[in-house]
Structure formats: structure tokens, C-alpha cells
Amino acid sequence: MLKLNSVNKTFNRNSLDEHQALNNVNLHVAEGEFVTIIGGNGAGKSTLFNVISGSMLCDSGEIILGSEDITYMPEYKRASFIGRIFQDPMKGTAPNMTLGENLLIAYMRSTNRNIMGVPSKKEKDYIKEHLSSLDLGLENRMNTKIGLLSGGQRQAVTLVMATLVKPMLLLLDEHTAALDPLSAKTVTELTKKIVAENNITSLMITHNISSALDLGTRTIMMDSGSIVMDLKGEERKKASVQSLLAKFN
Ligand SMILES: Nc1ncnc2c1ncn2[C@@H]1O[C@H](COP(=O)(O)OP(=O)(O)OP(=O)(O)O)[C@@H](O)[C@H]1O
Ligand SMILES: [Mg+2]
């Protein structure tokens, strides 16, 4: 589903601040795989997401999604089939618009339609049903401005927006890190449910090693712009938080 071949990204080339954030990254992710990504601050995890989502272009290498080479495809085109959620619950939603309006815009964008277009009643009903199936009570708050929802509710909404129409790839960048423990748990459970029910190919960055091993099907560790560990199957089942902590230096 996703293939990164020899991907490199250097910031501030030819200056004192030159820094290679991605160093010859090779990563192949199969359809339906759920990969958790760990690694110290500055390891290159978010940069990896940036080059996959197109918010930055890599310097060399290739990125293939499905059968398409997206290495140099503009971000707005990728946004219709790659969902991305950030740590900051303020990102990804328009705070002054209502929950209903935000969901409609997300829906129109994922279906490649003019976001100012008029959705049909059937489409509006679909969105509402989708929301109520999550049991968060948010379907009763369609007219509430997003900015008035709590951080946890907003992350739940962002997750719904990114998956309203099944994306080819879902990128989660520490999306529960800014939440209180209870909200983090709710959003984590919601992530599990949405990803499993729709079999969405997903990559999730987390600093929580225990949830990195607990969630998903495969765990990779990044260090200095490279993938230094790739665990799946039996080997992953046997891994412990202790054993992974020992690999951090
Ligand atoms: N736009 C940029 N300009 C210059 N340097 C950058 C830029 N973005 C990232 N970097 C540098 O690239 C390196 C990797 O950053 P990145 O944000 O990918 O790390 P990360 O693994 O996501 O870390 P964290 O866990 O702290 O979020 C860091 O040294 C960072 O300072
Ligand atoms: Mg980061």
C-alpha cells in the first residue's frame, strides 16, 4: 500500500544548521497494517509524516501510495486520500464553524467535491449516523462551534473527519499527547475501533511505548532520521516496554 524507497530530507543544506532529518528511509507498509512509530525527540518522525502527506517535499527517493507515485504530488491533492491528525486539537478544524459545518467540509473534501457545494440530505444523514455510531453524544451538538468543544471531543471529531470517507492512509502524530488521561483513553479506543472496523492502513507516532506495543500490528523505532528497529509478529509479541526502553540512547 505504502512504499518509501531511499527517502532523504535535509534541512538548511549548506549552512551551519544543516541537518539530515531523514536518512535513506525505506519503509513498506502492507494494506491494513497499523504501524506504531516511536523514537526520541528530533528523530525525524514528524518529518516522515510531512513528506508522506506532502506538507514538505523530500529531497530524493520515492513515495508510492497504492499504485501512484506521490513523491512530488501537491499536498492538497493528497489530502483527499491521506488523513492526518496532529497533537494539537486546534489543528485540523475551523474553530468558528459548527461541528456540522466542519464535518460537511471534511466530507466534501474527501469526495473531491467543491467544499462550498451543497450536500444532499442523504449525505447529511450519512454524516449524522456516522457520528452517532461512535456513541460520544456528538450528534446532538451539530450546531455547536468546534472551538467550544473540549480538546478530547475535538480530537474525536478530527478523527471522524479524517475517516468519514475511508482514507487510503491515516497518519496520527501523537494525537492523544495533549489530552488528559481519560480523554486520551477515549480517543485511543476510538482510534482502535475506527481503524479496525474500516481496516484503514495507519501510521501512529507515540511517545507511549506501552501503547506502541499494545496498539497496531507493527512497531518501528526511528533514530537520527533512520529506522533502527522494525518489529512485527512473534518478535513484537515478545517485546516488552523495558526491552524497547533499553534501545533508546
Ligand atoms: N522546518 C524545519 N526546518 C529546520 N529543521 C527542521 C524542520 N522541521 C524539523 N526540523 C529538524 O529535523 C529534525 C527532526 O524533526 P522532527 O520534527 O521530524 O522530529 P520528531 O521525531 O517528530 O520529534 P518529536 O518527538 O520532538 O516530535 C529535528 O532536528 C528538527 O529540529
Ligand atoms: Mg514530532
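**Ligand shell, pockets and an aromatic pair in a predicted model**

A polar side-chain atom of T47 lies 2.6 Å from an oxygen atom of ligand 1. The structure discussed here is a predicted model.

Trainee: How much of the accessible area of ligand 1 does the protein cover?

Mentor: Taken on its own, ligand 1 has 630 Å² of accessible area. The share of this area covered by the protein is 63%.

Trainee: Which backbone atoms lie at 2.8 Å and 3.1 Å from an oxygen atom of ligand 1?

Mentor: A polar backbone atom of A43 is 3.1 Å from an oxygen atom of the ligand. At 2.8 Å from a ligand oxygen lies a backbone N or O atom of G42. The residues asked for are therefore A43 and G42, both pairs being within the 3.5 Å limit for a polar contact.

Trainee: Which element gives the most to the shell around ligand 1?

Mentor: The shell holds 15 residues, of which N41, G42, K45, S46 and T47 come nearest. At least two residues each are supplied by β2 (19-29) and α1 (45-53). With 3 residues, the element that gives the most is α1.

Trainee: How do the residues of this shell divide by class?

Mentor: The charged class has 2 residues and the nonpolar class 4. The polar class of the shell around ligand 1 numbers 9.

Trainee: What is the volume of the largest pocket, and which residues are closest to its centre?

Mentor: The volume of the largest pocket is about 500 Å³. Its lining comprises 25 residues. Closest to the centre are A79, I82, G83, R84 and R109.

Trainee: Which element contributes the largest share of that lining?

Mentor: Two or more residues of the lining of the largest pocket come from each of β6 (82-85), α3 (99-110) and α5 (151-163). By class, the lining divides into 13 nonpolar, 8 polar and 4 charged residues. The largest share, 5 residues, comes from α3.

Trainee: Which element gives the most to the lining of the second largest pocket?

Mentor: This pocket has a volume of about 330 Å³. Its lining has 18 residues, with T176, T188, T206, N208 and S211 the closest to the centre. The elements giving two or more residues are α6 (181-198), β8 (202-205) and α7 (209-214). The most, 5 residues, comes from α6.

Trainee: How many polar residues does the lining of the second largest pocket have?

Mentor: The nonpolar class has 5 residues, and the charged class also has 5. The number of polar residues in this lining is 8.

Trainee: Why is the pair of Y107 and Y126 tilted?

Mentor: A search of the whole structure finds 1 aromatic pair. It links distant parts of the chain, with Y107 in helix α3 and Y126 in helix α4 (residues 121-132), 19 residues apart. The ring centres are 6.0 Å apart and the planes of Y107 and Y126 stand at 50 degrees, so the pair is tilted.

Terms used:
Residues are numbered from 1 along each chain as its sequence is written. Chains are lettered from A and ligands numbered from 1 in the order in which they are written. This is a predicted model: local features need pLDDT of at least 70, side-chain atom pairs count only at pLDDT 80 or more; totals for chains, interfaces and linings use all residues. Side-chain values use heavy atoms; hydrogens and water are left out. On a 1 Å grid over the protein atoms alone, a cavity is a set of points where a 1.4 Å probe fits but cannot get out, and a pocket is an open set with protein on both sides within 12 Å along at least five of seven lines; lining residues have an atom within 4 Å of a point. Grid points are joined across faces, edges and corners, and a volume is the space filled by probe spheres set on the points. Helices (H or I, at least four residues) and strands (E, at least two) are DSSP runs, numbered from the N terminus. Ala, Val, Leu, Ile, Met, Phe, Trp, Tyr, Cys and Pro count as nonpolar, Asp, Glu, Lys and Arg as charged, and the others, Gly among them, as polar. A residue is near a molecule or strand if one of its heavy atoms lies within 4 Å of it. A polar contact is a pair of N or O atoms within 3.5 Å; within protein, one must be able to donate a hydrogen and the other to accept it, and residues adjacent in sequence count only if both atoms are side-chain atoms. Accessible areas come from the Shrake-Rupley method with a 1.4 Å probe; for residues, only the protein chains shown count as cover. Rings of Phe, Tyr and Trp (its six-membered ring) pair if their centres lie within 6.5 Å; planes under 30 degrees apart count as stacked, over 60 as edge-to-face and the rest as tilted.
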